[in-house]
Amino acid sequence: MPTLPEFYTIPLEDRHPLLLDAVLAQHAWHYPRNAAYRHHCEGRGIGPQIGESDLVRALRPTAQTFKSYVGELGTAFPQDCPADFARWLTAQLSVEMVSERWQGLRPRYGTLEALLAALEALFAAEGWRIATSSGTSGRASIMVRDEATFSLALDSFFLGIRHAWGIDLDFRLIFVMPEDTRIAMAQAARFGTERLGYVERGQVNYTIPFPASPDAIRIRTARTLRAGLRGWFEKHVAAPFMNWMGEHVALPRSTRATVEVLCRAAEAGEKLMLFGGPIQLHGVALALRDRGGLDLPPGCLVGTGGGMKEAYDHSYAEIRRDIAVTLRSGGQPILIRDVYGMAEANWAAFECPEGHHHLPPWLYAVALDTADSIIASPDAEGILAFYDPYGGGDLFPPFFKTTDHVHLINGGSWYDPARACPCGELTAYITAGTIARADLMDESGCAGQM
């Protein structure tokens, strides 16, 4: 199997059949081992061996797969039934976990965070790290990654960011996000910077000073609440207080911390990448505008991710404009690039100079029409779906239908050289400004312009 960097050098005529064969092989491996995936496949009429024409039936919805515990357990609060939740969780995996492994769990935990931490401790030998989606619906997707799959996720993200944006080990990385959280993107940033040595060299900063537990995120959204008096308290006391604290304490403190780090980096002449959500970065830009702006060394970059997850008075285009006006690099407006991804994916798509989001070359990505059929064309508009034959490792098959409508160019096995991106990158890509939420049932598609 080629390494991830080698995929960038494999000719297109060899890459497509290689990916297709790998997807079919992954299906054959996971089918007998993964109870949840096998149940899905049986319901769609496919067995242990499939062909290219069966691919679409192997897709599972990102909006449901890793939060199906809600329906199976009859509750959005797995901390109330830890053993049943552990049973559901291990059914999602293609590795055998005997029930005796989770007999050490308590009958109940006070928070979801406490339960997830207990499971990580219980399965420490396997290197479990449990990530969640951003949980804007109040019902977070919950995904396990072991040491192998987590390493693949980190390699994918940091290889992509280096290949697409030229961010190397000489950069200071400033993340406008909490260091302590289970949100998948932030978790990847934290462990990736540790593994690559940024932390040891003192070249990374996290400027949101408070942790973001899945429980706190759920309560803040006030969309999924506990029953009875506790739920009343969450809705009428805890949520308003948390949101007030976020607006009046956490966000101002984070903005000040980010501005201070940027100013120190400018004074020291450090190259840097500033990365965060558009709304948080806009607050930084407005604070810098009040100080007359800031000129950073040449080669610096601002990365945005997470999309516009809440109502805001300014559009994404306005936010980018204000950042470019306020932050300069080598006397010029700083480069701003977006990243598109989702918690269920072990990959990210980075924006190129043309404004397009390029999918990694080890991903077999397609678009689906309204009948849920794959659009067999190099120019396809529909729901994004992807097969990642390497990202799931031996743990689970990452074959997913997203909830994002996109304009996909040169996806799947269909390639038209006339449609290749002018930036020179020979990979499938989503055209600029076409990522749109097609289904509001969930927060899938947690980055890009919404």
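The paragraphs below walk through a helix pair and a small set of paired strands in this predicted model.

Two packed helices are described by the angle between their axes and the distance between the axes. In the case of helix 5, which spans residues 82-91, and helix 6, which spans residues 112-122, the axes come within 12 Å and cross at roughly 60 degrees. Angles of 65 to 115 degrees would count as roughly perpendicular and those under 35 degrees as roughly parallel, and helix 5 and helix 6 are therefore oblique to each other. The crossing in which helix 5 passes helix 6 is right-handed. On the side of helix 5, the residues that make the contact are Pro82, Phe85, Ala86 and Leu89, and they meet Leu115, Leu116 and Leu119 of helix 6. Sorted by class, this contact of helix 5 with helix 6 holds 7 nonpolar residues, with no polar and no charged residues.

Further along the chain, the reader can turn to an open sheet of 3 strands, in which the order is 7-9-10 and the pairing is mixed. Strand 7 (294-296) and strand 10 (332-333) each have a single partner strand and stand at the edges, so one side of each is left without a neighbour in the sheet. Strand 9, made of residues 327-329, pairs with strand 10 in the antiparallel sense over 2 bridges, and Arg328 stands opposite Pro333 in strand 10. A helix accompanies these strands: helix 12, residues 316-326, lies across strand 7, strand 9 and strand 10, and runs at about 55 degrees to strand 9.

Key: Residues numbered from 1 in each chain as written. Predicted model: local features only at pLDDT ≥ 70, side-chain atom pairs only at ≥ 80, totals over all residues. Heavy atoms only, no water. Axes fitted to C-alpha atoms, helices over the stretch in contact; angles between N-to-C directions. Helix = DSSP H or I, 4+ residues; strand = E, 2+ residues; numbered from the N terminus. Parallel < 35°, antiparallel > 145°, perpendicular 65-115°, else oblique. Left-handed = near helix turned anticlockwise from the far one by under 90°. Contact = heavy atoms within 4.5 Å. Nonpolar A, V, L, I, M, F, W, Y, C, P; charged D, E, K, R; others polar. Pairing = 2+ DSSP bridges.
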